[in-house]
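Q: I'm new to this structure and would like a close look at one part of it. Please start there and then show me what else is worth finding in the model.

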Amino acid sequence: MTPTRLAASRVLVAVELGRTTLAAEVERARTDIADSRDRGLLLELAAGALRWQAALDADLGAQSQRPIAELDAAVRATLRIGAYQLLHLDRVPVHAVVHEAVETVRQLGHPQASGFVNAVLRSLARPHASALPARPANGSDRVSALAYLSVTLSHPSWLVERWLTRHGFEAAETWCRFNNEPAEISVRPAAGVTADELAARLQAGGVTAERAGFVRDAIRLPPGSLGRLTPETRAALVVQEEGSQVVAHVVGARPGERVLDLCAAPGGKTLVLAHDMSNTGVLVASDLRPGRLALLRTTLVRGRAHAVVAAIDATSRLPFGPVFDRVLVDAPCSGLGTLRRDPDLKWSRRPEHLAGLAAVERRVLACAADAVRPGGLLVYATCSSEPEENESVVDGFLAARPDFGLVRADPGQAVIDPGRLVDARGFLRTLPFRDRLDAFFAAALRRRAAGL
């Protein structure tokens, strides 16, 4: 038996039990797999099973006399990996998928479940009527629409109900389908490299590269491309989701200014700020946990960015007076805008989490405000799709701080036609169903000059 299926099942168990995130657990498991193709398969299996979890469970449940939710986590994970291979991949014969699943569940300490796993997967592989709700002919049939979006397109019902209410059926459907696709890779040139030079290196290395649709110097690569790059080419680029780059440009950092980047790790936005400042002025990048600070330092060294790294608890009074021209609050949030890249968040987030996250976000924003000089700019940003973490936080802040006013977010000339991403209130939003970008939000808040 190859170790990849076993590793993928272990990843799913760890994620389901709340021990880790998909990204962290895959990274840990990859160290034990030597072949790059098997490392790629590990991510494909684990991420694919999480993306399609609700649909896989419905299909498996139709073939099982025991409810999938009542199975041991290891048995459930093994079945999901096997079902994902049978229903979404075609490289491995059915008998091999079933054999690997049986061996996996034994290796996970459940030999008594091997016959059950064998029977369910063999039954699933045979022609059978679909257990998944069909796409409703009329999107206004709310019950049918929710069943289709939550089960067939495998998203939490509470979340798609919100999207359905705010954006309508077709937009919600497009959003769900976007999240279930393997994510493209957005990159930008590293320091000292131009976008044209990077594109040429990628093409010369046999990697399909196309210019991005929003950020002028960003480039999009197909999923799985990074593993095919030479070390030299890899060093010539920075991986960063295009929507995240747009948010960093909203700060509008300029050479010679004082800029503070709170909650900065892993440091992608900090690199954009340093670039926009031409590595001049004073740039302070902060985070709190030691691991996050180490990651931030590594990113800045690799990106040749001049910044002061500081350990700061952003939920408490900051060790600064009102001295910064610009402050970026990249708020800790639910991450519900990045489900295409982080499909485990679909199942770990709950609606009741949003109030607690918003409370932390309000504290961070209030503390950050005191570091902005009169006339300076405070940018509040999340990678959440939900209003509790976005405009509601901003509106509460403005009600409490009359010395700040909302201004129109402006990502500047680094972004092509930036106005298309800014709504009527002046908030920047990237919407997956409209822009084919992860969902980001940013608000620009100007501190009034003294006496105004």
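The part to look at comes next, and the answer then works outward from it. Which residues of helix 13 are buried, and what do they pack against?

A: Keep in mind that this is a predicted model. Helix 13 covers residues 242-250, and nine of its nine residues are buried, so the helix is largely enclosed by the rest of the structure. Going along it, you pass E242, G243, S244, Q245, V246, V247, A248, H249 and V250. Around these buried residues you'll find strand 1 (185-189), strand 3 (219-221), helix 14 (268-276), strand 9 (372-382), strand 11 (428-430) and strand 12 (440-447).

Let's follow some of those neighbours. Strand 1 and strand 3 belong to an open sheet of four strands, ordered 2-3-1-4 with antiparallel pairing. At its edges sit strand 2 (210-211) and strand 4 (237-239), each pairing on one side only. Three bridges hold strand 1 and strand 4 together in the antiparallel sense, and there P189 stands opposite L237 of strand 4.

Helix 14 leads to another detail. In the loop between strand 5 (258-262) and helix 14 you come to P266, which is joined to A265 by a cis peptide bond with omega at about 10°.

Strand 11 and strand 12 each have a loop with an odd backbone angle. D417, in the loop between strand 10 (404-407) and strand 11, has a positive phi of about 50° although it isn't a glycine. Its relative accessibility is 48%, so D417 counts as partly exposed. R436 lies in the loop between helix 19 (432-435) and strand 12, and its phi is near 55°, again a positive value in a residue other than glycine. R436 is partly exposed too, because its relative accessibility is 37%.

For a useful contrast with helix 13, try helix 2. Here the buried residues are L22, E25, V26 and A29. They span an arc of only 100° around the axis, so they sit on the same side of helix 2. There's a simple rule behind that kind of pattern: an α-helix has 3.6 residues a turn, so residues three or four places apart point the same way. Turn helix 2 around and you find exposed A23 and E27 on the face away from its buried side. Helix 1 and helix 3 are among the elements that cover its buried residues.

Helix 2 is also part of a bigger story. The largest nonpolar core has 47 residues, and those touching the most other members are V11, L22, L42, L60, V75, L79 and L121. At least two residues each come from helix 1 (3-16), helix 2 (22-30), helix 3 (36-51), helix 4 (53-63), helix 5 (73-88), helix 6 (94-107) and helix 7 (114-125). Helix 5 gives the most, with nine residues. Leaving aside neighbours within four places in sequence, L121 is in contact with L60, L79, G82, A83, L86, V98 and A101. Apart from this core lies another one, of 35 residues, including V215, L271, L328 and F440.

Between those two stops, have a look at S154, in the loop between helix 8 (142-152) and helix 9 (157-167). With 0% relative accessibility, S154 counts as buried. Setting aside neighbours within four places in sequence, its contacts are R51, W52, Q53, A54, A55, L149, N180, K346 and W347.

L354, in helix 17 (residues 353-369), is another buried residue, at 2% relative accessibility. L354 and E389 are 35 residues apart in sequence, yet their C-alpha atoms are 7.0 Å apart in space. Beyond its neighbours within four places, L354 is in contact with W158, R162, S334, L336, E386, E388 and E389.

One more strand pair to look up: strand 6 (residues 282-287) and strand 7 (residues 308-311) run parallel and are joined by four bridges. Within that pairing, S286 has A310 as its bridge partner. Together with helix 15 (residues 290-302), the two strands make a right-handed β-α-β unit.

Finally, the cysteines. A disulfide here needs two sulfur atoms within 2.5 Å, and the count comes to zero. For C176, the nearest cysteine sulfur belongs to C383 and is 18 Å away. For C333, the nearest is also that of C383, at 3.5 Å, and C333 is in no disulfide.

Conventions
Residues are numbered from 1 along each chain as its sequence is written. This is a predicted model: local features need pLDDT of at least 70, side-chain atom pairs count only at pLDDT 80 or more; totals for chains, interfaces and linings use all residues. Side-chain values use heavy atoms; hydrogens and water are left out. Two strands pair if DSSP finds at least two bridges between them. A crossover is right-handed if, with the strands pointing away from the viewer, the path from the first strand over the helix to the second runs clockwise. A nonpolar core is a set of buried Ala, Val, Leu, Ile, Met, Phe, Trp, Tyr and Cys residues joined through side-chain atoms within 4.5 Å. Buried means under 20% relative accessible area, exposed over 50%, partly exposed in between (1.4 Å probe, protein chains only). Contact means heavy atoms within 4.5 Å. The arc is that of the directions from the helix axis to the C-beta atoms.
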